[in-house]
Structure formats: C-alpha cells, structure tokens
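Trainee: I'm new to this one and would love a close look at a single part. Could you walk me through it?

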Amino acid sequence: MSDRTINQQPHTPPQAGPEQDRHAPHIHAHGSEPDDLAVQIADSVESFVLAVTEVAKGDEPGSAVSLLLLEVSQLLLAGGRLGAIEDVVPEDRFEPDAGPEPDGEQLRERLAELLAPIDVYHEVFDPYGPPEKPNAFRISDDLAGVVSELQHGLTHYREGRVSEALWWWQFSYLSNWGTTCSAVLRALQSLIAHVRLDSPLGAVPDGADTDDDGLTDEQLEQQAGDLMAAELGLGR
C-alpha cells in the first residue's frame with residue numbers, strides 16, 4: 001500500500017437526505033445483475049489491469065510511457081465517475097472475503113526494470129495540507145499497488161458481488177488509488193512535456209530514494225532523456 005494512503009476505514013454511508021444532490025445517482029444494489037455504470041466501471045478497471053500487465057512485459061519499451069499515460073488517464077475518468085456519485089451502499093453491511101490478495105511483486109519488478117531511468121519522481125501528498133517537502137515515489141510501486149487494489153474489486157465483480165465491487169472501487173479511489181494515479185499522471189505528463197519542449201530533466205534531488213545503482217545524477221538524467229526521445233521518435 002502506498003504511503004499516500006489516507007488513514008480511513010470503510011464505513012456504512014448515511015442514507016440520502018433531501019439536501020443531497022438529486023442529480024447524482026444513488027446506487028443501492030440488492031441483486032447480482034450489474035447496471036450500465038457497473039459494467040462500464042468494470043470494463044475500465046479490467047482494461048487498465050490488462051494494459052499495465054502487457055506494458056510491463058517489455059515487448060514494446062518504446063511506447064511504454066505513452067501507453068501508461070493513456071491508461072492512467074482513462075482510469076482516472078472512471079474514478080472521477082465513482083467520486084461524483086453518492087456513496088455506494090453494498091448489499092451486505094460487511095465485505096465478503098475476496099480470497100487471497102494477488103501477488104503484485106512480479107509486476108512491480110518488471111515495471112521497475114522497464115522504467116529504471118525515470119521510475120523515481122517527487123510529489124507533495126496533500127495540496128491542502130500543511131507545507132511539506134516533496135517525497136520520492138516510484139511509478140512501478142504505485143502502478144503495481146493500484147493494479148492490486150483494482151483486482152480486489154474485480155474478484156467481487158466476477159463472482160457476482162456487484163455492489164461490493166463498486167463499493168470497494170469507490171472507497172479505494174477516494175482513499176488511495178485516485179491520489180496515486182493523479183500523481184503518476186503528473187509524472188508521466190511531465191516526462192513527455194520535458195522531451196517535447198526540449199527541456200532537460202532536472203538532476204535527482206539529494207536524499208532521493210533511487211537505490212545505489214552506481215550511476216551519477218547526470219547519467220540518470222541522460223538515460224531518462226534518451227529513453228523518452230527514443231519513445232517519441234525524436235533525435236538527440
């Protein structure tokens with residue numbers, strides 16, 4: 001779980017009152033048949049999981065960053081829909097056991113190897129919180145964690161627990177993966193902007209958790225620029 005995770009536990013939301021937005025759909029699923037929203041969210045989630053898994057195989061490294069930018073953007077659209085509606089009320093007042101959590105270590109390692117020169121980025125967690133120093137994160141860690149959270153909901157969905165799946169995706173979007181994906185999106189967009197605008201990537205700040213790979217900051221910067229230039233078909 002990312003360090004960004006908000007210290008918040010799943011809760012039973014209050015019933016809708018007259019002051020709540022009457023235009024926001026209120027989901028209270030009692031059956032196992034998914035409605036249009038549930039199908040669309042599930043399709044978006046499954047598409048993201050499959051796409052990130054395929055990118056991590058490294059078969060097309062030249063398009064990795066662009067594909068991840070597209071997939072994260074599309075997932076955030078689905079997350080925005082979850083955040084805009086009223087609280088999803090699951091059929092049961094407790095979450096059924098979804099079984100063992102998927103092991104995302106292999107996915108994380110593959111992404112880390114693929115994105116090695118540009119994996120580490122820096123982000124301030126809460127824009128409305130007290131001023132704080134930027135923290136170092138890894139795109140590979142973040143994406144692997146998001147995939148794991150989404151798969152948890154997919155397990156519910158595939159077993160017919162539609163309301164539990166929507167409830168979990170909404171809660172985890174608000175508490176963790178929405179923030180994580182927003183940060184990753186900014187990092188990916190920044191990489192492409194640096195190359196397209198011919199703006200050199202800055203040196204890695206002192207104290208960043210980049211692991212001891214034996215490379216200097218200048219070498220890391222050069223590798224990152226070369227990787228992005230090759231991906232976008234630009235000469236250096």
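Leaving aside neighbours within four places in sequence, which residues is leucine 150 in contact with?

Mentor: Happy to help! Keep in mind that this is a predicted model. Setting aside the neighbours within four places in sequence, leucine 150 touches Val45, Phe48, Val49, Leu75, Trp169 and Trp177.

Let's begin with the helix pair that Leu150 helps to join. Helix 1 (residues 36-56) packs against helix 4 at an angle of about 135°, and their axes are 10 Å apart. Those two helices are therefore oblique to each other, and helix 1 passes helix 4 in a left-handed crossing. On the helix 1 side, the contact includes Val45, Phe48 and Val49, while Leu150 is among the residues from helix 4, along with Val146, Val147 and Leu154. Sorted by class, this contact has 13 nonpolar, 1 polar and 2 charged residues.

Now for the other partner. Helix 4 (residues 139-158) also packs with helix 5 (residues 162-196), at an angle of about 165° and with axes 9 Å apart. That angle makes helix 4 roughly antiparallel to helix 5. Their crossing is left-handed, and the contact has 15 nonpolar, 6 polar and 3 charged residues.

Finally, the wider setting. In soluble globular proteins, nonpolar side chains tend to be buried together. Here the largest nonpolar core has 51 residues, and Phe48, Leu150 and Trp169 are those with the most contacts inside it. Helices 1, 2 (64-84), 3 (105-114), 4 and 5 each give two or more residues to this core, with the largest share, 16 residues, coming from helix 5. Both Phe48 and Trp169 are also on the contact list of leucine 150.

How values were computed: Residues numbered from 1 in each chain as written. Predicted model: local features only at pLDDT ≥ 70, side-chain atom pairs only at ≥ 80, totals over all residues. Heavy atoms only, no water. Axes fitted to C-alpha atoms, helices over the stretch in contact; angles between N-to-C directions. Helix = DSSP H or I, 4+ residues; strand = E, 2+ residues; numbered from the N terminus. Parallel < 35°, antiparallel > 145°, perpendicular 65-115°, else oblique. Left-handed = near helix turned anticlockwise from the far one by under 90°. Nonpolar A, V, L, I, M, F, W, Y, C, P; charged D, E, K, R; others polar. Contact = heavy atoms within 4.5 Å. Core = buried A, V, L, I, M, F, W, Y, C linked by side-chain atoms within 4.5 Å. Buried < 20%, exposed > 50% of the residue type's maximum accessible area, 1.4 Å probe, protein only.
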